[in-house]
Every structure is written in structure tokens, then in C-alpha cells.
Amino acid sequence: MGYFVYIISTSRKSKLITYVGYTNNLKKRLSLHNNGKGAKFTRGRQWKIIYSEKYDTKSEAISREYYIKKNRKFRNFIKERYRWKKR
């Protein structure tokens, strides 16, 4: 199996908003977020996956998710990389 840590994004008033999470089924989780059944913060918006990493164990994924959520510098780096690719 495997677990994924992911960053999804959406735009609101030309500002890129991100959300970090983990799951064992990335496509299903994105679908839940986009259909209003994901985390409360993600409801009512359309999301795209802009970054993901795969881990063998749930504890590794949870640890990495926590790190990414707390590391604003890393999240900003991913956001800038996504904006650059989008051009």
C-alpha cells in the first residue's frame, strides 16, 4: 500500500491558497475535497494537487505532513514552483 502527503491549491482573489494533508488514496481524497466532503477548510472550493510525496508507513506520512504544515518556507517554495510551471 502506501501513504501520500499532498499539497493542494486553489485561487481566491488572485491569491493561491494551499492545504496540506495525507491519505492512502490520492485520487479519492482529492475528489472528496472537491465535493465538499473533505476537511472543513477545503469545502466550497475546487482544488488541484500541486505536490505529493509517497511513504511506506502511515507514521512517516503523518510526520512529514506535520513538518510541511509548520514549514512556511517550504510551502511558499512549492507555491512559487507551481506558479512558475503554470505560466
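Which residues does alanine 61 touch, not counting residues up to four places away in sequence? The points below take up this question after a general description of the chain.

1. Status and overall layout. The structure is a predicted model. The chain contains three helices and three strands, and read from the N terminus its elements follow the order β-β-α-β-α-α. The chain is as compact as a globular protein of its length, because its radius of gyration is 13 Å, close to the 12 Å that the globule rule gives for 87 residues. Along the principal axes, the C-alpha atoms fill a box of roughly 35 × 30 × 20 Å.

2. Burial, surface and contacts. Of the 87 residues in the chain, 41% are buried. The area exposed by the chain is about 6,000 Å², and carbon and sulfur atoms supply 51% of it. When contacts between residues at least 6 apart in sequence are considered, 53% join residues at least 24 apart.

3. Charges. The chain carries 25 positive and 5 negative charges. The mean positions of these two sets are 13 Å apart.

4. The largest nonpolar core. This core has 12 residues: Tyr3, Val5, Ile7, Leu16, Val20, Ile50, Tyr51, Ala61, Ile68, Phe74, Ile78 and Tyr82. Two or more residues come from each of strand S1 (3–12), strand S2 (15–23), strand S3 (48–55), helix H2 (58–70) and helix H3 (72–86). One of the core members, Tyr82, is in contact with Ser9, Leu16, Lys48 and Ile50, leaving aside its neighbours within four places in sequence.

5. A second core. Separate from the largest core, there is another of seven residues. Among them are Tyr6, Tyr19, Leu26 and Trp47.

6. Alanine 61. To return to the opening question, alanine 61 touches Tyr3, Val5, Tyr22 and Tyr55, with residues up to four places away in sequence not counted. Alanine 61 lies in helix H2 and is a member of the largest nonpolar core, as are Tyr3 and Val5. Its relative accessibility is 0%, so alanine 61 counts as buried. Arginine 83 is 22 residues away from alanine 61 along the chain, and their C-alpha atoms are separated by 25 Å.

7. Tyrosine 6. This residue is found in strand S1 and belongs to the second core. Is tyrosine 6 buried or exposed? Tyrosine 6 counts as buried, because its relative accessibility is 2% and buried means under 20%. Not counting residues up to four places away in sequence, tyrosine 6 touches Tyr19, Val20, Gly21, Tyr22, Thr23, Leu26, Arg29, His33, Tyr51 and Ser52. Of these, Tyr19 and Leu26 are also named in the second core, whereas Val20 and Tyr51 belong to the largest one. From tyrosine 6 to threonine 18 the C-alpha distance is 10 Å, with their positions 12 residues apart in sequence.

8. Serine 52. The place of serine 52 is in strand S3. Serine 52 counts as partly exposed, because its relative accessibility is 36% and that class lies between 20% and 50%. Residues up to four places away in sequence aside, serine 52 touches Val5, Tyr6 and Leu26. Val5 is part of the largest core, while Tyr6 and Leu26 are part of the second. Serine 52 and threonine 10 are 42 residues apart in sequence, and their C-alpha atoms are 16 Å apart in space.

Technical notes: Residues are numbered from 1 along each chain as its sequence is written. This is a predicted model: local features need pLDDT of at least 70, side-chain atom pairs count only at pLDDT 80 or more; totals for chains, interfaces and linings use all residues. Side-chain values use heavy atoms; hydrogens and water are left out. Helices (H or I, at least four residues) and strands (E, at least two) are DSSP runs, numbered from the N terminus. The radius of gyration is taken over C-alpha atoms; the globule rule is 2.2 Å times the number of residues to the power 0.38. Buried means under 20% relative accessible area, exposed over 50%, partly exposed in between (1.4 Å probe, protein chains only). Contact means heavy atoms within 4.5 Å. Accessible areas come from the Shrake-Rupley method with a 1.4 Å probe; for residues, only the protein chains shown count as cover. Lys and Arg count as positive and Asp and Glu as negative; His and the chain ends are not counted. The place of a charge is taken as NZ of Lys, CZ of Arg, CG of Asp or CD of Glu. A nonpolar core is a set of buried Ala, Val, Leu, Ile, Met, Phe, Trp, Tyr and Cys residues joined through side-chain atoms within 4.5 Å.
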